[in-house]
Amino acid sequence: MQFVFVTLFIIVLLNVLVDVVPKSSVWETVRNSNGSTDTYYVDFESFRELFNRSYKLPRDYYRSKSYYKNSIKRHAYLNLYSTGTNSATYGINQFSDLSVKEFRELYLTGTVERSPLYPGLKTGGVPAKFDWRDKKAVGPVQNQQACGGCWAFSVVGIIEAARAKSTQTWEQLSVQQVIDCSYQNQGCNGGVTTRALGWLNQTKVQLMRESEYPYMAQAGICHFFPPSQDGVSIKNFAAYNFSGREKAMMDRLVDWGPLAVAVDALSWQDYLGGIIQHHCSYHHANHAVMVIGYDTTGEVPYWIVQNSWGTSWGNEGYAYIKMGGNVCGIADSVSAVFL
């Protein structure tokens, strides 16, 4: 009884303080949570405050609380087997009140088509560390929200980068246009990067600026623009399987620019940071992201991956994935674009 009273007192105290404590402090509370049963209820209230969660019905509240409790158990399991040098850590983030099924249906809607094995070899001479952000070719992390448009974000991201490579100026292009108009895909219900690239290559559709065709986080009616409109069209694209050839993939990244890849991101629901070395399968791709660099200078070399789940996820919107071994299937389906 005394324990229950103390726990309820802490909850009430936290609810009083959240109006005056900065969100950074609430985030620190969440980050420092050890996931124990004793801290579970307090952590859920901190989680609600941090991510502005409100639930219309009591049953929604209790269901989300149950999923949140399950996520803490899942974090403990993932972290138990993720103990190597600079290994990834798993814990509370914006997806912690979703069931695994809900997370999969909302965010893991990408699929792939088989790509041919890359026929070339590693050419040598690439730097030990490379990041296209240093070249001003990569824009800020985007947030697809509850729209399964990861495939469109990765495609538009590599087109923006290819354009910035040639013009020395990065400009945000319309993801919504690709979601609405790429007829071989399913809008917010999922898609394939190579289908979107094939559509752009075949039709020579001009991608408009984000300001002209803004993101709505839902599929809409395709807006057509006259050919004379000032947009960006592609000349060609490449799509290969680099499995077993990740050193050659490094060469292509440096030469071609950021790459759109398909990965298995099921365990990413709980990812907080560090280098993902386990808990990822390959040949089960369900999410599209953009590889923008790599770092081989440390004990564990890794790819630098920009995601489209906002900056509150992972390493400020980025994931690090161990190079070699095709972790998460990162080398199975790799695409580049040419303007």
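**View 1. D295 and Y302 face each other across the β7/β8 pair.** In this predicted model, D295 has its bridge partner in β8, and that partner is Y302. The two strands run antiparallel, with five bridges joining β7 to β8, which spans residues 302-306. Follow the chain from one strand to the other and you will trace a hairpin, with six residues between β7 and β8.

**View 2. Strand β4 also pairs with β7.** Here we turn to residues 259-263, which make up β4. Five bridges join β4 to β7, and the pair is antiparallel. A handy pair to pick out is V263 and H287, the latter being the bridge partner in β7.

**View 3. Strand β2 meets β7 in an antiparallel pairing.** Residues 129-131 form β2, and three bridges connect this strand to β7. To find your bearings, look for D131, which stands opposite G293 of β7.

**View 4. Strand β7 is largely enclosed.** How many of the nine residues of β7 are buried? Nine of the nine, across residues 287-295, so the strand is largely enclosed by the rest of the structure. Buried here means under 20% relative accessible area.

**View 5. Confidence varies along the chain.** The protein chain has a mean pLDDT of 87, and 87% of its residues reach 70 or more. Please treat residues 1-24 with some care: their pLDDT is below 50, and this stretch has 15 contacts in the model beyond near neighbours in sequence. Residues 34-38 also have pLDDT below 50, with three contacts beyond near neighbours in sequence.

Methods. Residues numbered from 1 in each chain as written. Predicted model: local features only at pLDDT ≥ 70, side-chain atom pairs only at ≥ 80, totals over all residues. Heavy atoms only, no water. pLDDT = per-residue confidence, 0-100. Contact = heavy atoms within 4.5 Å. Buried < 20%, exposed > 50% of the residue type's maximum accessible area, 1.4 Å probe, protein only. Helix = DSSP H or I, 4+ residues; strand = E, 2+ residues; numbered from the N terminus. Pairing = 2+ DSSP bridges.
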